[in-house]
Amino acid sequence: MDESLIYHESTKVDTQLSNLMESASEYVRRSKAKNTIKAYQSDWQSFSRWCKTRGLCSLPAEPRVVALYLSDMADLGYKASTIGRHMISIGLAHKTRGHASPTSDETVKAVWRGIRNTIGVAPNGKSPVLVEDLRRMLQHAPNDLMGLRDRALLLIGFAGAFRRSELISLNVEDIEFTREGLVITLRRSKTDQAGEGRKVGIPYGSFIETCPVRALQAWLEVTGIESGALFRHVTKGRQIGTTHLSDKTVARIVKKYVERIGLDKRRFAYHSLRAGLATSAAMAGASERDIMAQTGHKNPMMVRRYIRDGNLFRSNAAARIGL
């Protein structure tokens with residue numbers, strides 16, 4: 001057989017394999033949410049820089065190097081959750097490049113247990129915005145386009161218990177007004193990377209001033225928005241943008257109104273709306289199952305934490321002894 005033909009066929013196979021490997025790598029990247037991928041990449045870059053400045057090899061890394069890196073992070077005051085995520089990132093970086101994960105080594109595991117025992121693993125979450133807080137916040141919304149948007153955003157974010165990424169990605173095409181209230185279809189979320197979608201029902205509120213359905217109707221009617229991004233920028237000149245709000249913008253909106261009612265804005269973030277719905281529902285006696293149906297949680301552990309927080313005074317033994 002002609003040697004040039006053999007070479008040509010071999011090159012063709014190598015190219016096909018290369019294309020398949022690149023395609024497979026792309027699907028691996030798409031298996032996680034974009035923000036998760038960014039966090040993993042940032043963690044890996046931090047570890048690589050740390051190794052480079054000390055003349056150590058980051059790939060493949062020896063277990064003792066990873067153990068030293070984790071110890072250094074703990075000494076610098078990083079939270080356990082952050083250190084744990086860096087461990088995951090280092091392990092994934094090795095596995096996706098065909099190396100065994102050094103984080104599986106017993107030395108690394110022992111160091112990780114010691115860090116957890118020393119600095120603790122209790123989450124330092126943001127405070128929830130409860131119903132009474134939300135009512136007061138809404139009273140500070142101005143009677144203009146920006147105020148209309150903020151009212152709708154706060155109420156929909158709270159009643160739907162949406163994640164920040166879910167709220168800012170909503171389009172007008174994702175909402176449907178019904179006799180019972182509002183049906184919002186989430187096309188994709190953090191726990192639904194396959195894009196199966198999930199419908200969230202938001203009922204009419206008991207009071208007009210705190211009704212999420214009427215607030216959204218008012219925003220759409222006044223602005224005339226009929227398609228595309230649901231929540232948009234509003235300029236001082238009453239101009240409506242065409243693109244979705246950023247995640248940082250919705251966080252600033254929550255902090256702005258929290259500060260207006262005299263609370264410490266550093267203790268609150270957009271997640272305070274989602275946590276607030278779960279906690280308020282628990283305080284009102286809603287079941288774990290019903291709360292999970294609204295929030296979209298797959299793991300009941302976080303929901304149970306909200307329920308415990310909501311029941312701190314609702315079912316309090318010290319309140320029953322006549323002090």
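**Legends to close-up views of a predicted model**

**View 1. The charged end of R260 is placed over the ring of Y257.** In this predicted model, the distance from the charged end of R260 to the centre of the Y257 ring is 5.0 Å.

**View 2. The protein chain as a whole combines 13 helices with five strands.** The chain has 323 residues, of which 38% count as buried. Its accessible surface amounts to about 19300 Å², and carbon and sulfur atoms contribute 52% of that area. Among contacts with a separation of 6 or more, 58% are between residues 24 or more positions apart.

**View 3. Ring pairs join W44, F47, W50 and Y69 in a cluster.** Three aromatic pairs occur in the structure. One of them is formed by F47 and Y69, an edge-to-face pair with 5.0 Å between centres and 70 degrees between the planes. Because F47 belongs to helix α2 (residues 34-53) and Y69 to helix α3 (residues 63-75), this pair ties together parts that are 22 residues apart in sequence. F47 is buried, its relative accessible area being 0%; Y69 is likewise buried, with a value of 5%. The ring of Y69 also pairs edge-to-face with that of W50, at 5.3 Å centre to centre and with 70 degrees between the planes. W50 lies in α2 and Y69 in α3, so the W50–Y69 pair ties together parts that are 19 residues apart in sequence. W50, like Y69, is buried.

**View 4. A cis peptide bond is found between L59 and P60.** Most peptide bonds are trans. The omega angle of the bond joining L59 and P60 is about -5 degrees. P60 is situated in the loop between α2 and α3, the two helices that contribute F47 and Y69, respectively, to the aromatic pair of View 3.

**View 5. A161 adopts a positive phi in the loop between α7 and α8.** Most residues other than glycine have a negative phi. A161 is not a glycine, yet its phi is about 50 degrees. With a relative accessible area of 0%, A161 is buried.

**View 6. The side chains of E166 and R163 are joined by a polar contact.** The contact spans 2.9 Å. E166 is located in helix α8 (residues 164-168). At a relative accessibility of 1%, E166 counts as buried.

**View 7. Helix α12 (residues 288-295) has a buried side and carries exposed residues on the face turned away from it.** The buried residues in this helix are I291, M292, Q294 and T295. These residues lie on the same side of α12, because the arc they cover around the axis is only 165 degrees. R289, D290 and A293 are exposed, and they are carried on the face turned away from the buried side. The packing partners of the buried residues are α7 (145-159), β3 (198-203), α11 (271-283) and α13 (300-310). The buried side of α12 therefore comprises I291, M292, Q294 and T295, which share one side within an arc of 165 degrees.

**View 8. G296 follows helix α12.** The phi of G296 is positive, near 80 degrees.

Key. Residues numbered from 1 in each chain as written. Heavy atoms only, no water. Helix = DSSP H or I, 4+ residues; strand = E, 2+ residues; numbered from the N terminus. Buried < 20%, exposed > 50% of the residue type's maximum accessible area, 1.4 Å probe, protein only. Contact = heavy atoms within 4.5 Å. Areas by Shrake-Rupley, 256 points an atom, 1.4 Å probe, with all protein chains shown as cover. Phe/Tyr/Trp six-rings, centres within 6.5 Å; stacked < 30°, edge-to-face > 60°. Lys NZ or Arg CZ within 6 Å of the ring centre and 35° of its normal. Polar contact = N/O pair within 3.5 Å; in protein donor to acceptor, adjacent residues only side chain to side chain. Arc of directions from axis to C-beta.
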